[in-house]
Amino acid sequence: MEQRKKKGLLIILSGPSGVGKETVRNRLEKIRKFELVYSISMTTRGPRNKEVDGINYYFISEEEFKDNIVRDNFLEYAKFVGNYYGTPKDKVEKLRNEGHNVLLEIEINGAKQVMSKVKDDAVISFFLMPPSLDVLESRIRKRKTESEELIAERLKKGKEEMAMTDDYDYVILNDKVNRAAEEISDLIERKLKELK
């Protein structure tokens with residue numbers, strides 16, 4: 001009889017826009033022992049510099065996005081600054097059922113939706129916290145992709161989100177990327193051992 005693969009861990013990495021989620025995720029993906037697979041979100045916004053369809057996001061039309069909502073194919077979705085973003089449920093579940101540990105890098109409201117929908121034990125959630133609001137603003141400005149109005153909106157939202165950490169398993173200070181990634185790595189390793 002063929003032994004069924006153990007369901008993979010769902011790792012939620014969240015925090016305000018500009019906190020460094022993508023940078024920390026890139027560090028975590030280099031840790032081979034976890035065999036992490038990044039969950040690619042769908043969005044209706046256009047690609048930014050160097051973003052590639054199917055690697056950074058699935059860039060789809062608003063019509064396609066709404067069709068996925070109707071089919072209940074999102075673990076979470078939201079509309080922000082005129083664009084939709086969402087995590088396709090079918091793709092995440094397929095990966096986890098194949099035994100992959102899946103990493104979701106998502107905003108706070110999305111993380112809360114996922115945590116309310118996914119009820120199995122193989123889930124761990126991290127809130128990435130900036131050292132300060134000033135540091136967060138500096139990181140957003142360095143991207144040079146947003147207008148002053150959008151920067152102000154992201155900072156206002158970020159300040160609200162930094163008070164919403166209660167639902168997460170862990171709050172991780174992203175003062176130094178390598179240190180934050182190492183702390184998350186240790187906690188993932190501990191969770192995987194618990195699930196054996």
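Which strands does helix H3 lie across, and at about what angle does it run to S6? Helix H3 (residues 89-97) lies across S3, S4, S5 and S6. Its direction is about 25° to S6. This is a predicted model.

**Overall build**

The protein chain holds 7 helices and 9 strands. Its C-alpha trace spans about 60 × 40 × 30 Å along the principal axes. The radius of gyration is 17 Å, which agrees with the value near 16 Å for a compact globule of 196 residues. Of the 196 residues, 45% count as buried. Long-range contacts are well represented: among contacts with a separation of 6 or more, 69% join residues 24 or more positions apart.

**The sheet under H3**

The strands that H3 lies across form an open sheet of 4 strands, in the order S4-S3-S6-S5. The pairing is mixed. Strands S4 (57-59) and S5 (74-80) are at the edges; each has a single partner strand, so one side of each has no neighbour in the sheet. From one strand to the next, the twist averages 20°. Strands of a sheet pair through backbone hydrogen bonds, either parallel or antiparallel. S3 (residues 41-43) and S6 (residues 83-88) pair in the antiparallel sense, over 2 bridges. Thr43 stands opposite Tyr85 in S6.

**Two helices by length**

Two helices can be checked against the expected rise of 1.5 Å a residue.

| Helix | Residues | Expected span | End C-alpha distance |
|---|---|---|---|
| H6 | 148-161, 14 residues | 20 Å | 20 Å |
| H7 | 177-195, 19 residues | 27 Å | 27 Å |

In H6 the end-to-end distance agrees with the expected span. In H7 the two values agree as well.

**Helix H6: two faces**

Which residues of H6 are buried? They are Leu150, Ile151, Arg154, Leu155, Gly158 and Glu161. Their arc around the axis is only 135°, so they sit on the same side of H6. An α-helix has 3.6 residues a turn, so residues three or four places apart point the same way. The face turned away from the buried side carries the exposed residues Glu148, Glu149, Lys156 and Lys159. The buried residues of H6 pack against S5, helix H4 (108-117), strand S8 (123-129) and helix H5 (133-143). S5 is thus a link back to the sheet: it is an edge strand there.

Leu133 gives a close-up of H5, where it lies. Leu133 has 30% relative accessibility, so it counts as partly exposed. Not counting residues up to four places away in sequence, Leu133 touches Leu155, Lys159 and Met162. Leu155 is one of the buried residues of H6, whereas Lys159 is one of the exposed ones. Leu133 and Leu155 are 22 residues apart in sequence, and their C-alpha atoms are 7.6 Å apart.

**Helix H7 and strand S8**

In H7, the buried residues are Ala180, Ala181, Ile184, Ser185, Leu187, Ile188 and Lys191. They pack against strand S1 (10-14), helix H1 (21-29), S8 and strand S9 (170-173). S8 is also a packing partner of the buried residues of H6.

Ser125 is placed in strand S8. Is Ser125 buried or exposed? At 1% relative accessibility, Ser125 counts as buried. Leaving aside neighbours within four places in sequence, Ser125 is in contact with Ile12, Met115, Asp167, Tyr168, Asp169 and Tyr170.

Note on methods: Residues are numbered from 1 along each chain as its sequence is written. This is a predicted model: local features need pLDDT of at least 70, side-chain atom pairs count only at pLDDT 80 or more; totals for chains, interfaces and linings use all residues. Side-chain values use heavy atoms; hydrogens and water are left out. Two strands pair if DSSP finds at least two bridges between them. Axes are lines fitted to C-alpha atoms, for helices over the stretch in contact, and angles run from 0 to 180 degrees between N-to-C directions. Contact means heavy atoms within 4.5 Å. The expected span of a helix is 1.5 Å times one less than its number of residues. Buried means under 20% relative accessible area, exposed over 50%, partly exposed in between (1.4 Å probe, protein chains only). The arc is that of the directions from the helix axis to the C-beta atoms. The radius of gyration is taken over C-alpha atoms; the globule rule is 2.2 Å times the number of residues to the power 0.38.
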